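Morning, everyone. Please pull up the structure on your screens. I'll keep this brisk.

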Amino acid sequence: MELPHPLFEGSISVRVASLLGIAFILYLIATTLYKRFRGRDEVPLPPGPTGYPLIGSLPDLLSRLKTSTQHLLFNEWARQYGEIYKVNLGFVTQYMVNTDVAAKAIFEGKNASISANRPRWIVSSEYICHDWNVLLINGDTPRWKHQRRVTTTQVGSVPSADAGVPHLEYESLKFLYEVTTNTATQLENRAIWRGVMRYTYSALTSQLFGLDIPTNDSQAIGYIHETGAAQIVATLPGSYLVDLVPVLELLPTALKPWARAGNKRFARDLQWCLERKQRLEIRLKAEGSDPGAESMMAKLLADEKNLGFETKEEGAYFCLMLTIGAADTSQISTWSFIEAMLRYPDVQRKAQVIIDEAVGDRVPVWSDYKRIPYIRSLLKETWRWRPPVALGHPHLLTADVEYNGHRIPAGARVHLNSWAIQRDPARHADPESFIPERYEGDLTTVAQSINSGDVTKRDHFAFGAGRRICPG
Ligand code: HEM
């Protein structure tokens, strides 16, 4: 006996109504999809290297990573594909923004809030940093807004930056003294690099933890550096499978080695910060003035409301995150400056003569800066020539963005390719050469230049763009 299909059970009219209903739903789905895909056809995605099936340009990138020259490859593609291009790297697709005008259109103005999020980094942000690192969390969260505010008030505003000047002057002088007088380490690459690390970390830990790092063999140097590197490496596509296949997060903890390792690292780093909090607490209780009394940690200890952090633990951990963000980039800038001075001795000589004329026979200090515009040009050129974050930190789009006939889809990772923008021949003649004179007459501070209306006149993009621009 033939059994009736459940769908066709009942009277003819019910059957017809069911069929019509299904047809109607199918019609709706088909028209929606059609409109969507036709719309998509009308606004194409940006061009980009084709690469291999499935893995795209991943092999090209991996071979450049071996020699740390990936920024040169991304620059070559910028010259080939123009303002925006798309690179398929297997599981991840990156969109690179390669001109000043495109950067403004995509990261600022009406698209500022659309481009203010970060990709999801399960290992780096969620486990290693417990979602407490302003650099890695989403721009629409209250924690991000609060941590940005604290960065500005504690270090980034003009008064707080001014309060940090004595630390910077002390640490940089100490570094210069070492480099010029210590014959054992003089002109030895690794020793100089270690000195650069010490002085930049120490300038920041003094302001944030209220504790300095007095010697180049201090264990704190390696600790902070390793912690920062682990966080950044974990954000790179391919470092952890779970970031490419997030469904793996559904596994029980016993089957998630990344979760165990990440939690362990977070606990270790938090403990490191809490030990320093305790050290400062003990020192502040002792009689007499203390150089750490003006630090962020001292303010955190004194404030019943924890400077707005949920707990004092979060505030203490934040001091480490800010030390890393601020010092690692400053180290690269110092190193690039040394490279420029060695490669361009004429520039070095000219700068020295200008400084000597301005300050005479004494060490220049921060308050001399405004009187020596050539040094401002020299700094701007250092950040143009060697932007420390050469390929930008990825932003994630929360909606489609259209620019100049191309569409970058919602969910895309967008990178500000500062290396390529700062080598755009339309912006800078002879971009590979270190020429501070190209900034002659530009007396703007970094912030003034960023806020000036004409993006083609912006000095450089070393500090990023849009809502996630460096607050330091
Ligand atoms: C030479 C020095 C520095 C350079 C080149 C630099 C560069 C950058 C860049 C490129 C970003 C990412 C921007 C983006 O996503 O578009 C960034 C983010 C950040 N920087 Fe800096 N930075 C420097 C110094 C500092 C200092 C001194 C501080 C703090 C006192 C600081 C704190 C931060 C923070 C907290 C973020 C995360 C912002 C966010 O994601 O919302 N940086 N920096």
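I'll go through domains, ligand, cores, strands and one residue. One caveat first: this is a predicted model.

Let's start with the domains. The assignment gives three of them. Domain 1 runs 6–42. Domain 2 comes in two pieces, 43–119 and 344–472. Domain 3 is 120–342.

How far apart are the C-alpha centres of domain 2 and domain 3? The answer is 24 Å. As for contacts, 25 residues of domain 2 touch 27 residues of domain 3. On the domain 2 side, two elements give two or more residues: α14, at 345–359, and α15, at 373–385. Of these, α15 gives the most, with three residues. By type, that side of domain 2 has 16 nonpolar, five polar and four charged residues.

Now the ligand. Its shell holds 26 residues. The closest are Ala326, Thr329, Gly464, Cys470 and Gly472. Two elements, α6 and α13, each supply two or more shell residues. The largest share is from α13, with six residues. By type, the shell splits into 14 nonpolar, ten polar and two charged.

So where does the ligand lie with respect to domain 2 and domain 3? It lies between them, because both domains give residues to the shell.

Next, the cores. A general remark: in soluble globular proteins, nonpolar side chains tend to be buried together. Here the largest nonpolar core counts 47 residues. Val123, Tyr201, Met297, Phe318 and Cys319 have the most contacts inside it. Several helices each supply at least two residues of this core, including α5 (122–128), α8 (189–208) and α11 (257–285). Also on that list are α6 (142–156), α9 (219–233), α12 (296–302) and α13 (312–343). The top contributor to this core is α13, with ten residues. Keep that helix in mind: α13 also gives the largest share of the ligand shell.

Take Tyr201 as a close-up. Skipping residues up to four places away in sequence, Tyr201 touches Ile213, Ala220, Ile221 and Ile224. Tyr201 also touches Thr323 and Ala327. Apart from the largest core lies another one, of 29 residues. Ala78, Ile114, Trp383 and Ala462 are among its members.

On to the strands. Look at β6, residues 413–416. Strand β2, residues 92–97, pairs with β6 in the parallel sense, over four bridges. In that pairing, Met96 stands opposite His415 of β6. Strand β3, residues 395–396, pairs with β6 in the antiparallel sense, over two bridges. There, His395 has Val414 of β6 as its bridge partner.

Last stop, Asp459. This residue sits in the segment after α17, which spans 446–451. Is Asp459 buried or exposed? Asp459 counts as buried, because it has 23 C-beta neighbours inside 10 Å, and the cut-off for buried is 20 or more.

Which residues is Asp459 in contact with, leaving aside neighbours within four places in sequence? The list is Lys380, Tyr439, Asp442, Thr444 and Ser449. For a sense of distance, compare Asn216. Asp459 and Asn216 are 243 residues apart in sequence. In space they are 34 Å apart, C-alpha to C-alpha.

To wrap up, two points. The ligand lies between domain 2 and domain 3. And α13 gives the most to the largest core, as well as the largest share of the ligand shell. Thanks, that's it from me.

Terms used:
Residues are numbered from 1 along each chain as its sequence is written. This is a predicted model: local features need pLDDT of at least 70, side-chain atom pairs count only at pLDDT 80 or more; totals for chains, interfaces and linings use all residues. A nonpolar core is a set of buried Ala, Val, Leu, Ile, Met, Phe, Trp, Tyr and Cys residues joined through C-beta atoms within 7 Å. A residue is buried if 20 or more other C-beta atoms lie within 10 Å of its own, exposed if 12 or fewer, and partly exposed in between; C-beta atoms are placed from the backbone. Two residues are in contact if their C-beta atoms, placed from the backbone, lie within 7 Å. A residue is near a molecule or strand if its C-beta atom, placed from the backbone, lies within 6 Å of it. Ala, Val, Leu, Ile, Met, Phe, Trp, Tyr, Cys and Pro count as nonpolar, Asp, Glu, Lys and Arg as charged, and the others, Gly among them, as polar. Domain bounds come from an automatic or database domain assignment. Two strands pair if DSSP finds at least two bridges between them.
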